[in-house]
Amino acid sequence: MLAVQLTEWGSPPVLRQVPAPEPVGEELVLQVTAAGLCRSDLHVMDSAAASFDCPLPLTLGHEVAGTVLAAGPDAEPGWLGETVVVHGVWSCGHCRNCVRGRENYCLRLRPRATGAPPAPIGNGLGYHGGLAQAMLVPSARHLVRTAGLDPVVAAPLTDAGLTAYHAVHEHADLIDAHATCVVIGVGGLGHLGVQILRDMGAGRILAVDNRADARAMAVRLGAEAAYHDVDSLRAAVTDGADVIIDFAGAPDTAQPATRLLAPGGRLTVVGSAGALIEVGKTVGLAAGWRVTAPFWGPRADLVAVIDMARRGVLHVAATPYPLAEGAEIYRRLRAGDITGRAVLIPPPLQR
């Protein structure tokens, strides 16, 4: 079968012919119908050999939609033929965080030794992913049914949608008709964050992005107004913001955002664009501040995201491309030429 693989650290991926997977035990094989591209993939590509605990070649792709094509002898047969998405955090299922329903913080996925390289997390992030005609999934507990959803829409929900939902939903106790909420960065995740806040009933949603088209999109999706930068937003939040979700995580967004918090307000940094934040009780922040940096999201949140899409309240800006164009689309993603989410479509697997 065809697969887009990273074959050398620090190099672009290549389209290759590889063996199609065969399931054993509880494993399932998906015929991949759509797989999203993400800037996290660029981070994996740019890693040094010693900084990522993963053998090469590696099939990329952690945003995956497909149809269950085959099952191992110990797998649940009821999944055969189901249209699904993959929860990309392949947790142990047994540690204290997993049994709490916090699989995204599984103790077995993060090395505890200082300086140890990141452990494999899931498909495309340590294990073969979905930029291929088929993909192996270790267990049905990593799947969520998506009957009726377009796979081009469903695939990005597994990361862009899930990460945005988890970042917003952890502040559900503050998001109500009185809340002032700010979304910084209206890109592949931020445009979903605006919609999630709207569906949760946020009273005021304000957006920040330095691109005019992104600001216009934010207003179309439910933001009251959109601003070029954090400083220009300041006059609109004289009483402070209750919740700020920074999907950029840049030096010129995250630190200035701390000064916009209302008493008891919360800043969540999702993006990884190099922000360093100084916080403390003696640096002039509002009383009761809280800063968080969530990682991805648990399976239960992915179920909620799929439900939002089914209800028609969550819309993904996604553009499909053929699998064979994977290397070129990654180049465009790196150059900032992709609006919304890029999704690769593999040709059907002939068995």
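**A walk from Gln5 to the core**

Let's start with Gln5, which touches Pro13, Val14, Arg16, Val18, Pro57, Leu58, Thr59 and His128, leaving out residues up to four places away in sequence. Keep in mind that what you are looking at is a predicted model. Gln5 sits in strand E1, which covers residues 2-6. Is Gln5 buried or exposed? Its relative accessibility is 3%, so Gln5 counts as buried, the cut-off for that being under 20%. One of its neighbours deserves a second look: the side chains of Gln5 and Thr59 are joined by a polar contact of 2.9 Å.

Thr59 is a handy signpost, as it takes us to a pocket. Together with Met1, Pro21, His128 and Leu136, Thr59 is among the residues closest to the centre of the second largest pocket, out of 16 that line it. This pocket has a volume of about 240 Å³. Which strand gives the most to its lining? That's strand E9 (residues 134-137), with 3 residues. As for character, the lining splits into 11 nonpolar residues, 4 polar ones and 1 charged one.

Thr59 also turns up beside Leu131. Setting aside residues up to four places away in sequence, Leu131 touches Leu2, Ala3, Val4, Ala35, Leu37, Thr59, Leu60, Gly61, Leu323, Tyr330 and Leu344. Now zoom out to the largest nonpolar core, which has 89 residues; Leu131 and Leu143 are the ones that touch the most other members. Helix H3 (residues 151-169) supplies the largest share of this core, 10 residues. There is also a second, separate core of 17 residues, with Ala225, Ala236, Val237 and Ala254 among them. As a general pattern, nonpolar side chains tend to be buried together in soluble globular proteins.

Our last stop is His62, found in the loop between strand E4 (58-59) and strand E5 (63-71). Although it lies in a loop, His62 has a relative accessible area of 1%, so it is buried. What do its polar contacts look like? The side chain of His62 is joined to that of Asp41 by a polar contact of 3.1 Å, and to that of Asp159 by another of 2.7 Å. Both of these partners appear in the wider list of residues in contact with His62: Cys38, Ser40, Asp41, Asn123, Leu125, Thr158, Asp159 and Trp296, leaving aside neighbours within four places in sequence.

Note on methods: Residues are numbered from 1 along each chain as its sequence is written. This is a predicted model: local features need pLDDT of at least 70, side-chain atom pairs count only at pLDDT 80 or more; totals for chains, interfaces and linings use all residues. Side-chain values use heavy atoms; hydrogens and water are left out. A nonpolar core is a set of buried Ala, Val, Leu, Ile, Met, Phe, Trp, Tyr and Cys residues joined through side-chain atoms within 4.5 Å. Buried means under 20% relative accessible area, exposed over 50%, partly exposed in between (1.4 Å probe, protein chains only). Helices (H or I, at least four residues) and strands (E, at least two) are DSSP runs, numbered from the N terminus. Contact means heavy atoms within 4.5 Å. On a 1 Å grid over the protein atoms alone, a cavity is a set of points where a 1.4 Å probe fits but cannot get out, and a pocket is an open set with protein on both sides within 12 Å along at least five of seven lines; lining residues have an atom within 4 Å of a point. Grid points are joined across faces, edges and corners, and a volume is the space filled by probe spheres set on the points. Ala, Val, Leu, Ile, Met, Phe, Trp, Tyr, Cys and Pro count as nonpolar, Asp, Glu, Lys and Arg as charged, and the others, Gly among them, as polar. A polar contact is a pair of N or O atoms within 3.5 Å; within protein, one must be able to donate a hydrogen and the other to accept it, and residues adjacent in sequence count only if both atoms are side-chain atoms.
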